Structure formats: structure tokens, C-alpha cells
Amino acid sequence: MSPVHGADLLLRGRRVVTPEGMREASIHVADGRIERVAPYDDVPAGREVVEAGGLVVLPGLVDTHVHVNEPGRTQWEGFAPATRAAAAGGVTTILDMPLNSIPPTTTPDALRQKREAAEGACRVDVGFWGGAIPMYLGLLAGLHAEGVFGFKAFLCPSGVDEFPSLDLAQLRSAMEEIAAFDGLLIVHAELPGPIDEARERLANADPFAYSTYLASRPAEAEKDAIAAVVQAAAETGCRAHVLHLSAATALPLLRDAPRVSVETCPHYLTFAAEEIEAGRTDHKCAPPVRDSVNRERLWDGLLDGTIRAVVSDHSPCPPDLKGGSFFDAWGGIASLQLGLRAVWTGARARGCSIEDVARWMSAGPAALAGLERKGAIAEGRDADLVLFDPEASGLCDPGELHHRSAVTPYAWRPLDGRVAATYLRGQEIYANGTLREPPAGILLTRDSA
């Protein structure tokens with residue numbers, strides 16, 4: 001683990017989001033940790049104070065679903081630009097997905113290469129998921145011992161040859177193995193059968209029409225895969241998590257599955273299939289963005305507590321790989337810097353509170369990953385804080401994004417809110433468009449988090 005750097009800080013605001021709700025408070029920080037959340041006027045004489053003024057003070061966001069792609073595909077995304085984007089978007093902790101880098105994070109040596117690539121480059125704290133692929137089943141305990149936060153598996157082709165998917169028998173084997181050391185399996189839950197059948201039916205359909213792509217990945221592929229995950233978790237005792245839920249029809253399966261949790265993403269809560277124009281492959285992701293009725297049902301799933309986390313699934317690529325038809329283009333959306341604003345825009349329009357957003361984007365992901373020092377403004381937690389203006393609004397200017405590639409479906413879309421400043425363990429790492437030097441992020445392991 002990298003050395004931990006922390007700062008002393010006294011920050012107060014009239015709108016501080018705590019686990020008990022929003023209140024006036026002064027946040028006392030020593031060596032990067034929150035010592036106490038005190039009354040607003042609890043300020044020692046002569047002590048320098050950072051005044052939040054009318055801004056909301058949020059816990060730093062935790063994004064447990066980020067594809068950094070370094071090493072190997074660093075031209076797609078890297079630790080330096082990804083964590084710059086995170087800091088500018090109010091995200092103070094990310095967990096890196098094991099695929100799209102070369103090698104993928106499926107062995108202790110590959111994890112070492114990941115950590116070497118990230119060391120000294122990160123502006124926010126970074127942890128790592130491991131991968132569960134067929135050739136390494138039976139060997140996952142070794143990677144678990146090195147501190148990964150869990151294991152990712154695909155039930156359909158991942159899009160890269162280095163990360164093959166599991167069939168249902170292999171899924172069960174992986175769950176039995178992971179349950180033995182009380183680990184966590186996170187699953188891209190789409191089955192290949194319904195997708196293959198749909199593609200055959202669409203052989204003569206227009207590949208530039210979004211409706212064609214949507215029909216090629218039917219909701220049944222998600223629902224059937226999630227049913228298989230829920231059943232296997234119940235039978236093996238393995239803790240499991242469903243990634244990037246798109247199909248709201250699967251929500252009833254998840255409400256009564258005590259060992260299975262679920263997340264969704266800002267793009268599923270923002271966009272609607274009927275609004276996506278022909279050729280707009282910047283919207284392509286898997287599973288796909290579905291229609292507006294489905295979108296509202298996902299919001300319902302957040303409000304009733306079935307979905308407890310909203311994370312980005314940030315997966316950029318070079319602009320040329322987003323060209324061609326919906327079947328040619330790479331499937332992934334760049335949104336790490338934009339998630340807070342996108343979700344707040346949708347939440348505000350539906351009468352939800354900024355406290356709701358903090359629960360979905362800070363507390364929920366932190367709990368999923370076991371990040372006990374993250375996700376809340378509370379005594380003993382890391383002083384990861386965001387000063388946010390919820391009343392601001394403006395267009396998403398791609399020129400202001402720090403991602404490696406600025407290709408995003410949010411380009412020039414109206415979004416509410418503005419991140420004014422971000423603090424990591426009490427240190428200001430971003431303020432009003434400026435990133436502070438040097439990078440202050442550390443590399444996390446499961447046991448150190």
C-alpha cells in the first residue's frame with residue numbers, strides 16, 4: 001500500500017449531508033480523518049476555517065465501476081486522465097475493472113503490473129477488482145489474498161479476447177470457490193443465447209438504427225442471466241452483485257435475493273432508446289439503454305431500495321473505435337466526470353433530494369466494496385468531501401472533460417449542478433476548474449480500505 005497522506009482541516013457549511021440527513025455542521029479533520037462532525041459554531045478561536053457558504057457539502061463519491069485500461073490499452077484510458085476526471089467530478093475513490101488492460105487483472109502478477117502502472121499517477125484513491133475467467137478457476141484465492149475487492153465475470157462475450165466469459169456451470173464453480181473465502185463475485189449478467197437468436201432475426205435490419213441494436217440485446221438476456229445468478233448465489237452461499245442493470249423487468253428477481261445486490265448507471269437513468277438518433281454510437285453500451293418506461297422503472301427501483309448504487313461504468317475508447325454502425329462501434333460510455341451532475345439532474349426533476357444522490361453514489365458503492373472509511377461524512381471516515389452547487393446549471397462542454405477521450409453522449413446536454421471543490425483525506429485536490437499538484441491518491445487493497 002502506498003503511504004497515506006492526510007491533512008488537517010476545519011470546514012463548515014449550512015448544508016452538510018451526513019448519514020442522519022442534511023444539517024449545519026463544522027467538520028473537524030485531523031491527519032485526513034474526520035475527528036468529529038460538530039455544531040456549526042464549534043470553531044476554536046483563531047482557527048482557519050474553510051467556509052462552504054451556500055454550497056452543499058457531500059461525501060466524496062465512490063465509483064466502483066471504472067475501466068481504466070492501463071497498461072496495454074492506455075490510449076483508451078489511463079490512470080492519470082481517469083483520476084483527473086474523477087477529481088473534477090467529485091469522485092474521490094474508484095475501483096478499476098480487470099478487463100481491457102493487457103494483461104487483464106486475473107493473476108497476482110497482472111495485479112502487480114496494474115499497481116506499478118498506477119503508482120504515483122492517481123489523483124484519487126484507487127482499488128482493483130480481479131477477474132474470474134475459465135482458465136483461472138480454482139486459483140482465485142491467490143488473487144484474493146493480494147487484496148482485490150472481488151472478482152468480475154461475464155456470462156456473454158466481453159468484447160476482448162483476453163477476458164473470456166463463463167458458462168453457467170463455470171459460474172457455479174466460481175461461486176463455490178469464492179464462497180469458500182467469503183469473497184464477492186460481480187457479474188455482467190447477459191446470457192448469450194437470447195442475444196445470438198436476436199442477432200439472427202436482425203440479419204437484414206439497419207445496423208445504423210438504434211432500434212436494431214436495442215433489439216439485438218433483449219431484456220430477456222439480462223433477466224435470464226440474473227435469475228441464474230440469484231439461484232446460484234442461494235445454492236452456493238456466495239455473495240454476488242449484478243453490474244449495470246439496464247432491464248427493469250429483472251427488479252422483482254432482485255428484491256427477494258438477500259445475497260445479491262445490484263447497481264445501475266447514470267446513462268440508464270438519463271437517456272431513452274426512442275430519443276437516440278440513427279448513427280449516434282456514442283450512446284452504445286452493453287447492456288443497452290432501453291426505453292423511457294424502463295428508465296422510470298429503474299428510478300422506482302432506486303427509490304424503493306432495490307438498487308442501492310449508481311456508478312459510471314466509465315468505458316471510453318479512441319474516437320475512431322466509436323465509428324461505423326452500432327454493431328461496429330465499441331460499446332462503452334465515458335462519464336466518470338459527469339455522473340454526479342447527470343444523476344442530480346434526473347433526481348431533481350423527479351423530486352428526489354441531494355441526500356438521495358449521496359446515498360446512491362457514495363454510501364451505496366462504499367458498502368458494496370467494503371470501503372469502511374469511505375462514503376459518509378462521519379467520525380472516523382476519510383475526509384473525502386465535495387463542495388457542490390446544486391442550483392447551478394449549464395451545458396456539458398466536452399472541452400472541459402479530463403477523460404482521455406471526450407466522446408460522450410452527454411456532449412452539449414443541459415446538466416444541473418457544479419462541483420466547486422473536491423477534498424481527498426482533507427487535501428483540496430480540485431477547485432473551480434483547477435487540479436492541484438502533486439497527485440495525492442493512494443492505492444487501496446481490500447484489507448487497507
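Welcome to the tour. The model on your screen is predicted, and our opening stop is a pair of helices, H4 and H7, whose crossing is right-handed.

**Stop 1: H4 and H7**

Select residues 168–180 for H4 and 219–236 for H7. Their axes come within 10 Å and cross at roughly 40°. An angle between 35 and 65 degrees falls outside both the roughly parallel and the roughly perpendicular classes, and H4 and H7 are therefore oblique to each other. To see the contact, show side chains on both helices. From H4, pick Leu168, Leu171, Arg172, Met175, Glu176 and Ala179; from H7, pick Ala228, Val229, Ala232, Ala233, Glu235 and Thr236. Colour these residues by type and you will find eight nonpolar, one polar and three charged.

**Stop 2: Glu222**

Stay on H7 and select Glu222, which belongs to this helix. Is Glu222 buried or exposed? Its relative accessible area is 1%, under the 20% cut-off, so Glu222 counts as buried. Setting aside residues up to four places away in sequence, display what Glu222 touches: Ala189, Glu190, His244, Leu245, Ser246, Ala247, Pro287 and Arg290. For a distance to try in your viewer, take the C-alpha atoms of Glu222 and Pro192: they are 30 residues apart along the chain and separated by 9.6 Å.

**Stop 3: two cis peptide bonds**

Pro287, one of the residues touched by Glu222, is a good one to click next. Where is Pro287 found? Look in the loop between helix H9 (266–270) and helix H10 (292–303). The peptide bond leading into Pro287 from Ala286 is cis, and its omega is near -5°. Then jump to Pro438, in the segment after E18. Here a cis peptide bond joins Glu437 to Pro438, with omega about -10°. As background, most peptide bonds are trans.

**Stop 4: the nonpolar cores**

Now select Leu185 and Trp360. In the largest nonpolar core, which has 99 residues, these two touch the most other members. Centre on Trp360 and leave out its neighbours within four places in sequence; its contacts are then Trp299, Leu302, Leu303, Arg308, Ala309, Val310, Val343, Ala347, Cys352 and Pro365. There is also a second, separate core of 23 residues, with Val62, Ile133, Leu444 and Ala449 among them.

**Stop 5: helix H1**

Select residues 79–88 to bring up H1, a mostly covered helix with eight of its ten residues buried. Which residues of H1 are buried? They are Phe79, Pro81, Ala82, Thr83, Ala85, Ala86, Ala87 and Ala88. Add the elements they pack against: helix H2 (108–118), together with strands E7 (91–96), E8 (125–128), E16 (414–424), E17 (427–431) and E18 (434–435). Just past the end of H1, Gly90 has a positive phi of about 85°.

**Stop 6: two positive phi values outside glycine**

Most residues other than glycine have a negative phi. Two residues here are worth a click with that in mind. Asn69 sits in the loop between strand E6 (61–66) and H1, and its phi is near 75°. Asp31, in the loop between strand E2 (21–30) and strand E3 (33–38), has a phi near 50°. Colour by accessibility to set them apart: Asn69 is buried, at a relative accessible area of 0%, whereas Asp31 is exposed, at 55%.

Technical notes:
Residues numbered from 1 in each chain as written. Predicted model: local features only at pLDDT ≥ 70, side-chain atom pairs only at ≥ 80, totals over all residues. Heavy atoms only, no water. Axes fitted to C-alpha atoms, helices over the stretch in contact; angles between N-to-C directions. Helix = DSSP H or I, 4+ residues; strand = E, 2+ residues; numbered from the N terminus. Parallel < 35°, antiparallel > 145°, perpendicular 65-115°, else oblique. Left-handed = near helix turned anticlockwise from the far one by under 90°. Contact = heavy atoms within 4.5 Å. Nonpolar A, V, L, I, M, F, W, Y, C, P; charged D, E, K, R; others polar. Core = buried A, V, L, I, M, F, W, Y, C linked by side-chain atoms within 4.5 Å. Buried < 20%, exposed > 50% of the residue type's maximum accessible area, 1.4 Å probe, protein only.
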